[in-house]
Amino acid sequence: MIIVSACLCGINCKYSGGNNLSQKVLKLVKEGKAIPVCPEQLGGLATPRVPHEIEGGTGKEVLEGRAKLINEKGGDSTEEFIKGAYETLKIAKAVGAKKAILKAKSPSCGCGTIYDGTFTGNKIKGNGVTAELLLKNGIEVTTEEVIEN
């Protein structure tokens, strides 16, 4: 079983209230091979919501308590992002997922590259909070960009 970012299945859970539909990811769900999750909603954040980025590091530093999830208006949602990551991990373990396909560059789901916390579109190497936690627990993580290409 694979877990996938719900926004990639056409579910309107993206921060803006929209989605990031990937026909290839949706096909996996329709075939019963994948289960959609939205870590940000699982952590208690509303949809739509103000955009967030990691300030002071990457998902690794957030999990270590050394970085925060700040929204565009300066609000701190670190607790919700961490809760959502752990809830996603619970689902992955419950269904025996060994792989995850997550939304690229997201502060939750990004794998390999995320936004730098300045809300300027600049990117840095690193993972989002959920991607980092899944990787730490032996779950292979990739993004829709890899699947689409």
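What radius of gyration does the chain have, and what would a compact globule with 149 residues have? The chain has 14 Å, which agrees with the value near 15 Å for a compact globule of 149 residues. The model is predicted.

## Overall shape and make-up

Along its principal axes, the C-alpha trace spans about 40 × 30 × 30 Å. Of the 149 residues, 47% count as buried. The chain exposes about 7,100 Å². Carbon and sulfur atoms supply 51% of that area.

The chain holds six helices and eight strands. Read from the N terminus, the order is β-α-β-α-β-α-β-α-β-β-β-α-β-α. Contacts often reach far along the sequence. Among those between residues at least 6 apart, 61% join residues at least 24 apart.

## The nonpolar cores

In soluble globular proteins, nonpolar side chains tend to be buried together. Here, the largest nonpolar core has 21 residues. Ile54, Ala100, Leu102, Val129 and Leu134 touch the most other members. Three elements give two or more residues to this core: α4 (78-94), β5 (99-102) and α5 (129-136). A second core is separate and has 13 residues, including Val4, Val25, Leu26 and Ile101.

Leu134 deserves a closer look. Setting aside residues up to four places away in sequence, Leu134 touches Ile3, Thr88, Leu89, Ala92, Ala100, Leu102, Ile139 and Val141. Two of these partners, Ala100 and Leu102, are themselves named with Leu134 among the core residues that touch the most other members.

## Helix α1: two sides

Helix α1 covers residues 23-30, and its Val25, Leu26 and Leu28 are buried. These buried residues cover an arc of only 155° around the axis, so they sit on the same side of α1. On the other side, Gln23 and Lys30 are exposed.

What lies over the buried residues of α1? The cover includes β1 (2-5), β2 (34-37) and β5. Val25 and Leu26 also belong to the second core. Just after the helix, Gly32 takes a positive phi of about 80°.

## Strand β8 and Thr142

Thr142 sits in strand β8, residues 140-143. Is Thr142 buried or exposed? Its relative accessibility is 11%, so Thr142 counts as buried. Leaving out residues up to four places away in sequence, Thr142 touches Lys99, Ala100, Ile101, Leu102 and Ile147. Of these contacts, Ala100 and Leu102 are named in the largest core, whereas Ile101 is in the second one.

## Salt bridges

The count comes to 10 salt bridges. One is local. Lys90 pairs with Glu87, with the closest N and O atoms 3.0 Å apart. Both residues lie in helix α4, three residues apart, so about one helical turn separates them. Lys90 counts as exposed at 51% relative accessibility. Glu87 is partly exposed, at 25%.

Other pairs reach across the sequence. Glu144 bridges to Lys103, and their closest N and O atoms are 2.7 Å apart. Glu144 is in helix α6 (residues 144-148) and Lys103 is in the loop between β5 and β6 (113-115), so this pair ties together parts that are 41 residues apart in sequence. Glu144 counts as buried at 8% relative accessibility. Lys103 counts as buried too, at 18%.

Lys105 forms a salt bridge with Glu145, the closest N and O atoms being 2.6 Å apart. Lys105 lies in the loop between β5 and β6, and Glu145 in helix α6, so the pair ties together parts that are 40 residues apart in sequence. Lys105 is buried, with a relative accessible area of 19%. Glu145 is partly exposed, at 35%. Elsewhere, salt bridges that share partners join Lys60, Glu61, Glu64 and Arg66 into one network.

Terms used: Residues are numbered from 1 along each chain as its sequence is written. This is a predicted model: local features need pLDDT of at least 70, side-chain atom pairs count only at pLDDT 80 or more; totals for chains, interfaces and linings use all residues. Side-chain values use heavy atoms; hydrogens and water are left out. A nonpolar core is a set of buried Ala, Val, Leu, Ile, Met, Phe, Trp, Tyr and Cys residues joined through side-chain atoms within 4.5 Å. Buried means under 20% relative accessible area, exposed over 50%, partly exposed in between (1.4 Å probe, protein chains only). Helices (H or I, at least four residues) and strands (E, at least two) are DSSP runs, numbered from the N terminus. Contact means heavy atoms within 4.5 Å. A salt bridge is a side-chain nitrogen of Lys or Arg within 4 Å of a carboxyl oxygen of Asp or Glu. The radius of gyration is taken over C-alpha atoms; the globule rule is 2.2 Å times the number of residues to the power 0.38. Accessible areas come from the Shrake-Rupley method with a 1.4 Å probe; for residues, only the protein chains shown count as cover. The arc is that of the directions from the helix axis to the C-beta atoms.
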